[in-house]
Amino acid sequence: MPKTALVKPLTVAISSTALFDLSTSNEIYESQGLAAYRRYQIDQEDAVLEPGDGYYLVKKILNINKLLGKPRVEVILLSRNSADTGLRVFNSIRAHGLGITRAAFCSGASPYRYINAFGCDLFLSTHGDDVRLALEESVAAATLLGRRSGQTDADDSVLRLAFDGDSVLFSDE
């Protein structure tokens, strides 16, 4: 019987703020502080979060596994939340039916330091500083930019990616 080579799945890490819309939570954090933020997240732990800038991308990436019938892609959550405030994020992952089972909650610190430990091939975040730190660790990384109001990829099953490392397609701004 021939041995089959194990294929490491493409491992994509995403921040919780890229996966879900945490703008209201962030406003509470910025205006009222960490204690109010923690209280709000715990009080809202059963309230399902709305999709964020990277949500539909993650759904499409995870759909690759269904299309191939094999686990070729894994998505990992890397979050600045703590374990107690991150429960709402994990409840939302479950409610949305996303196949994300591994995560690191960093209690306010940048999650980039876990990228190599998880064997990540790509890190996606809305925090440019975290992306720069990931790039310094020699991990491909990208900052997800907000969508224009009214735009959605919800019903589109096609995965489209554009990489612009040399600013030919888009300016540096």
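**Close-up views of a predicted model**

**View 1. The second largest pocket of this predicted model encloses about 630 Å³ of space.** Its lining is made up of 26 residues, and those closest to the centre of the pocket are Thr-17, Asn-26, Tyr-37, Arg-80 and His-127. Two or more lining residues are given by each of the elements α1 (16-19), α2, α3 and β2 (73-79), and the largest share, 4 residues, is contributed by α2. Sorted by class, the lining of this second largest pocket consists of 14 polar, 8 nonpolar and 4 charged residues.

**View 2. Helix α2 (residues 23-32) and helix α3 (residues 34-43) have axes that come within 7 Å of each other and cross at roughly 150 degrees.** Because angles over 145 degrees count as roughly antiparallel, α2 is described as roughly antiparallel to α3. On the α2 side, the contact is made by Thr-24, Ser-25, Ile-28, Tyr-29 and Gln-32, while α3 takes part through Leu-34, Ala-36, Tyr-37, Tyr-40 and Gln-41. Among the residues of this contact between α2 and α3, 6 are nonpolar and 4 are polar, and no charged residue is included. Tyr-37, which belongs to this contact, is also one of the residues closest to the centre of the second largest pocket.

**View 3. Phe-20 and Tyr-55 form a tilted aromatic pair, in a structure that holds 4 aromatic pairs.** The centres of the two rings are 6.2 Å apart and their planes stand at 40 degrees, so the pair counts as tilted. Phe-20 is found in the loop between α1 and α2, whereas Tyr-55 is in helix α4 (residues 55-68), and the pair therefore ties together parts that lie 35 residues apart in sequence.

**View 4. His-96, in the loop between α5 (83-95) and β3 (103-105), touches both Phe-20 and Tyr-55.** Leaving aside residues up to four places away in sequence, His-96 touches Val-48, Leu-49, Pro-51 and Lys-59 as well as Phe-20 and Tyr-55. Although His-96 and Tyr-55 are 41 residues apart in sequence, their C-alpha atoms are 9.9 Å apart in space.

Definitions and conventions. Residues are numbered from 1 along each chain as its sequence is written. This is a predicted model: local features need pLDDT of at least 70, side-chain atom pairs count only at pLDDT 80 or more; totals for chains, interfaces and linings use all residues. Side-chain values use heavy atoms; hydrogens and water are left out. Axes are lines fitted to C-alpha atoms, for helices over the stretch in contact, and angles run from 0 to 180 degrees between N-to-C directions. Angles under 35 degrees count as roughly parallel, over 145 as roughly antiparallel, 65 to 115 as roughly perpendicular and the rest as oblique. Contact means heavy atoms within 4.5 Å. Ala, Val, Leu, Ile, Met, Phe, Trp, Tyr, Cys and Pro count as nonpolar, Asp, Glu, Lys and Arg as charged, and the others, Gly among them, as polar. On a 1 Å grid over the protein atoms alone, a cavity is a set of points where a 1.4 Å probe fits but cannot get out, and a pocket is an open set with protein on both sides within 12 Å along at least five of seven lines; lining residues have an atom within 4 Å of a point. Grid points are joined across faces, edges and corners, and a volume is the space filled by probe spheres set on the points. Rings of Phe, Tyr and Trp (its six-membered ring) pair if their centres lie within 6.5 Å; planes under 30 degrees apart count as stacked, over 60 as edge-to-face and the rest as tilted.
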